[in-house]
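Student: I have just opened this structure for the first time. Could you walk me through it, one question at a time?

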Amino acid sequence: MHERNGNPLNICVIGAGYVGLTTGTVLASFGHSVTVVEKDAAKLDVLAAGKVPIFEPGLEELMAEDLENESLRFSSDLAAALEEADAVFVAVGTPSSPDGSADLRAVDVVSDEIARLLRRPIVLVIKSTVPIGTSDAVADRIHEALGRRSDELAALGVLPASGRVEELCEVVFCPEFLREGKALLDLVHPHRIVIGTGSTKALDLLKDLFASIDAPILVTDRRSAEAIKYASNAFLATKISFVNEMANLCEVTGADIIDVATGMGMDERIGDKFLQAGVGYGGSCFPKDTKALLHIADTAGYKFSILEAVVDVNERQKRRVIAILRNMIGDLAGTKIALLGLAFKPETDDIREAPSIVVAKELLHEGADVIGYDPQAAQNLANEVPGIVIAGSAEEAIEGADAIVLLTEWEEFLQLDPVTIRSRMRGDLLIDGRNVLDPERLIQAGLRYHGIGRRIGDLGDVRDPGEGCESC
Ligand code: UGA
């Protein structure tokens, strides 16, 4: 698919999760020879059949091309993959521990495996998001273990002339900035490539690996590269929580967040991205990474006040919908509420930390009947929130509803006809949790419209929506 400039390299990617699978597929499409190593047998079966276990636009097609021209393969055999590899990418999960810290067990297991199996020089590229200092610790851990194998490695003839085992495994931290739903675009056209390394050899290899990508490269040390990843996600989350608080303030002061955000975004220093007010951020990254950064700060004895507020505001924002509903239709027991969009954002089936989970659970707790629809994520949500009824279409979901809450801005919801919506409902309230619908048309059709921070429509009394909400 892509024009390649650098030398083709042998690459082993460990972990066929979101980052590993998309990165491996794109690197293979650049002409490198890629083996994705995955432990989960069921996932491997799916991949071997040419199917993608996640919903990511374009991925299945690109993977099919790579498999066809044999630049990509899947395996459970790490030892065999390491026999060939020039570069090894670590793309295993670092989920949140109960205390918010990143759970590094998978990184440790992989590091130990590599240290045990390595028989040729590699550049080890850590892609997983890890706390500041982790890559240094991984390097120490592997080098110590390789040191214990130095006689064996000398006998194999792979020890460098210097005798330094460090040169057998150069550890680099290279953060990933892809967005779910836009992963291929972000991988091929990133805003920047950040490479954390002090090694010229590793840097040269990575430049070769990414030769097809036209993006600025920032070379720094490993700790700064790790910090850049957390800081970027935390700053984007800050923009969202800020604009959400501003939207809440607009509701009680009669301003309109759409115009406010547009006016702010016209200042290039602020920028017009990530100023979309709504029901809060979700996903596998912002919630996890903000909490992990707070934990890093806490451990270092630093109080990261802004970030604490960002997380707190987001939790409240997800629950705000409940208070708005209560304020506008009264007691929710026995009402029928339709949730449109359950994924944490459009173009994905991912529901991790999605606002829909909190909203659905809270509504069920209040005694409402909750019916949800999502083009991709409905089954995932039904598994997470058993009490929810899943509809096969948006039209079916809104049938007889007292209120509709749009939680994810899937394109198909923008096409819904306001008159049809009104005629199918029992009630007349529509909460546009992403500010994407046309309020005037909805109001003309006889609906009561409530956007987030919008001046248009019926705002009801939302001065203190947190009051009385079970889990606010
Ligand atoms: C995010 C970052 O955007 C990526 O750069 C990063 O690589 C990734 O995390 C990661 O660390 O792996 P992602 O979680 O896929 O990507 O999704 P985003 O498109 O950033 O959206 C995150 C959440 O913020 C969504 O729930 C979205 O609805 C919400 N959002 C986004 C807003 O509420 N308002 C906005 O203006 C923008």
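## A guided first look

Student: Let's begin with helix α1: what span in Å should its twelve residues have, and how far apart are its end C-alpha atoms?
Tutor: Happy to help, and please keep in mind that this is a predicted model. Helix α1 covers residues 18-29, and at 1.5 Å a residue its twelve residues should span 16 Å. The model agrees with that expectation, since the end C-alpha atoms of α1 are 17 Å apart.

Student: How many of the twelve residues of α1 are buried?
Tutor: A residue counts as buried under 20% relative accessible area. The buried residues of α1 include Y18, L21, V26 and L27. Helix α1 is largely enclosed by the rest of the structure because the number of its twelve residues that are buried is eleven.

Student: Which residue with a positive phi follows α1?
Tutor: Just after α1 the chain reaches a residue whose phi is near 105°. That residue is G31.

Student: Now the open sheet: in what order do its six strands come?
Tutor: The pairing in this sheet is parallel. Its edge strands are β11 (389-390) and β14 (448-451), each of which pairs on one side only. Reading across the six strands, the order is β11-β10-β9-β12-β13-β14.

Student: In β10, which residue is the bridge partner of K336?
Tutor: Strand β9 takes in residues 336-340 and strand β10 residues 369-373, and they pair in the parallel sense over five bridges. The bridge partner of K336 in β10 is D369.

Student: Which helix packs on the sheet, and what angle does its direction make with that of β13?
Tutor: The helix is α13, residues 305-329. Helix α13 touches β9, β12 (403-406), β13 (429-432) and β14. The direction of α13 and that of β13 make an angle of about 155°.

Student: Let's turn to the ligand: how far is a polar side-chain atom of K229 from an oxygen atom of the ligand?
Tutor: The ligand is surrounded by 19 residues, and the closest are L178, E180, K229, N233 and C285. A polar backbone atom of E180 is 2.7 Å from an oxygen atom of the ligand, and an N or O atom in the side chain of R434 is 3.3 Å from an oxygen atom of the ligand. For the polar side-chain atom of K229, the distance to a ligand oxygen is 2.6 Å.

Student: Which side chain joins that of D86 in a polar contact of 2.8 Å?
Tutor: D86 sits in the loop between α4 (78-84) and β4 (87-90). Beyond its neighbours within four places in sequence, D86 is in contact with residues including L9, N10, P121 and L205. The polar contact of 2.8 Å links the side chain of D86 to that of R120.

Student: Is R426 buried or exposed?
Tutor: R426 is in the loop between α18 (418-424) and β13. Its side chain makes a polar contact of 2.7 Å with the side chain of D402, and its C-alpha is 4.6 Å from that of G400, 26 residues away in sequence. With a relative accessible area of 53%, which is over 50%, R426 is exposed.

Student: And T220, is it buried or exposed?
Tutor: T220 lies in strand β8, residues 217-220. Leaving aside neighbours within four places in sequence, T220 is in contact with V194, I195, G196, T197, A225 and I228. Its relative accessibility is 18%, so T220 counts as buried.

Student: How far apart are the C-alpha atoms of P216 and I193?
Tutor: P216 is in the loop between α9 (200-209) and β8, and it is exposed at 54% relative accessible area. Apart from residues up to four places away in sequence, P216 touches H191, R192 and I193. Although P216 and I193 are 23 residues apart along the chain, the separation of their C-alpha atoms is 6.3 Å.

Student: One last question: what is phi of N435?
Tutor: Most residues other than glycine have a negative phi. N435 is found in the loop between β13 and α19 (439-444), and it is buried with a relative accessible area of 8%. N435 is not a glycine, yet its phi is positive, about 55°.

Conventions: Residues are numbered from 1 along each chain as its sequence is written. This is a predicted model: local features need pLDDT of at least 70, side-chain atom pairs count only at pLDDT 80 or more; totals for chains, interfaces and linings use all residues. Side-chain values use heavy atoms; hydrogens and water are left out. Two strands pair if DSSP finds at least two bridges between them. Helices (H or I, at least four residues) and strands (E, at least two) are DSSP runs, numbered from the N terminus. Contact means heavy atoms within 4.5 Å. Axes are lines fitted to C-alpha atoms, for helices over the stretch in contact, and angles run from 0 to 180 degrees between N-to-C directions. The expected span of a helix is 1.5 Å times one less than its number of residues. Buried means under 20% relative accessible area, exposed over 50%, partly exposed in between (1.4 Å probe, protein chains only). A residue is near a molecule or strand if one of its heavy atoms lies within 4 Å of it. A polar contact is a pair of N or O atoms within 3.5 Å; within protein, one must be able to donate a hydrogen and the other to accept it, and residues adjacent in sequence count only if both atoms are side-chain atoms.
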